[in-house]
Amino acid sequence: MYGKYSLTILAAACLIVFAAFGQSSLNGVANQQVVYAIRTVTASDTSTTADYTMLCDTTTANMTETLPASPLTGEIMYVKKIDATSHTCTVSGNGSNIDGSATAAIITPNASIEIQYDGTVWRIL
């Protein structure tokens, strides 16, 4: 323990646990809660290892969300289709398969997939 703060980093799971005493926020942690990145995309896009939740708005057309080219082992990503159209949000493994396929399709409105990289391939959880 260093002064007021206790910080534990579990790099393999990219999980930061931060206990703050009298501190409201610090480095991605707010009010003693881990904060995850979330963003909405409206056209084909490539995620980075800084991304966590990708909201695909396919209102105007089909789109592809490409996962990071060099994901971290243990990295978890959520991809959700947030519109009610019949357009498809395709998730591309960017060279790493997703449960045995190069891509996974999200067709149903408000459907999502949660995937984790095991060091070799992405696994749908």
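# Reading salt bridges, sheets and a core

Guide: We begin with one pair of side chains: Asp 45 and Arg 39 form a salt bridge, with their closest N and O atoms 2.8 Å apart. The term denotes a side-chain nitrogen of Lys or Arg within 4 Å of a carboxyl oxygen of Asp or Glu. The structure is a predicted model, in which local features need pLDDT of at least 70 and side-chain atom pairs count only at pLDDT 80 or more, while totals for chains, interfaces and linings use all residues. Residues are numbered from 1 along each chain as its sequence is written, and side-chain values use heavy atoms, with hydrogens and water left out.

Visitor: How many salt bridges does the structure hold?

Guide: There are four salt bridges in the structure.

Visitor: Is Asp 45 buried or exposed?

Guide: The scale is relative accessible area: buried is under 20%, exposed is over 50%, and partly exposed lies in between (1.4 Å probe, protein chains only). Asp 45, with 18%, is buried. Its partner Arg 39 has 29% and is partly exposed.

Visitor: With which other residue does Arg 39 form a salt bridge?

Guide: Arg 39 also forms one with Asp 51, where the closest N and O atoms are 3.0 Å apart. This pair links distant parts of the chain, twelve residues apart: Arg 39 belongs to strand β6, whereas Asp 51 is in the loop between β7 (45-46) and β8. Strands are DSSP runs (E, at least two residues), numbered from the N terminus. Asp 51 is buried, with a relative accessibility of 10%.

Visitor: Which side chain does Arg 123 meet in a salt bridge?

Guide: Arg 123 meets Asp 118, at 3.1 Å from N to O. Both residues are partly exposed, Arg 123 at 42% relative accessibility and Asp 118 at 38%. As for the residues discussed before, Arg 39, Asp 45 and Asp 51 are joined into one network by salt bridges that share partners.

Visitor: I should now like to read the sheets. In what order do the five strands of the open sheet stand?

Guide: In general, strands of a sheet pair through backbone hydrogen bonds, either parallel or antiparallel. Here, two strands count as paired if DSSP finds at least two bridges between them. The five-strand open sheet has the order β6-β8-β10-β13-β14, and its pairing is mixed. Because β6 (38-41) and β14 (122-124) stand at the edges with a single partner strand each, one side of each has no neighbour in the sheet.

Visitor: In which sense do β6 and β8 pair?

Guide: They pair in the parallel sense, over four bridges, with β8 covering residues 53-56. Within this pairing, Thr 40 is opposite Leu 55 of β8.

Visitor: What is the order of the open sheet of four strands?

Guide: That sheet runs β7-β9-β11-β12, again with mixed pairing. Its edge strands, β7 and β12, pair on one side only. Two bridges connect the parallel strands β7 and β9, and Thr 46 stands opposite Thr 66 in β9. Next, β9 (residues 63-66) runs parallel to β11 (residues 89-92), joined by four bridges; there, Glu 65 has Val 91 as its bridge partner. Finally, β11 and β12 (residues 103-106) pair in the antiparallel sense over four bridges, with Thr 90 opposite Ala 105.

Visitor: With which residues is Ser 92 in contact?

Guide: Contact means heavy atoms within 4.5 Å. Ser 92 lies in strand β11 and is buried, at 17% relative accessibility. Leaving aside neighbours within four places in sequence, its contacts include Thr 64, Glu 65, Leu 67 and Ile 98.

Visitor: Which residues of the largest nonpolar core touch the most other members?

Guide: In soluble globular proteins, nonpolar side chains tend to be buried together. A nonpolar core is a set of buried Ala, Val, Leu, Ile, Met, Phe, Trp, Tyr and Cys residues joined through side-chain atoms within 4.5 Å. The largest one here has 16 residues, and those touching the most other members are Leu 67, Val 79, Val 91, Ile 98, Ile 113, Ile 115 and Trp 122. At least two core residues come from each of β8, β10 (76-81), β11, β12 and β13 (112-117). The largest share, three residues, is supplied by β13.

Visitor: What does Leu 67 touch?

Guide: Not counting residues up to four places away in sequence, Leu 67 touches Val 91, Ile 98, Ile 115 and Trp 122, among others; Thr 46 and Ser 92 are also among them.
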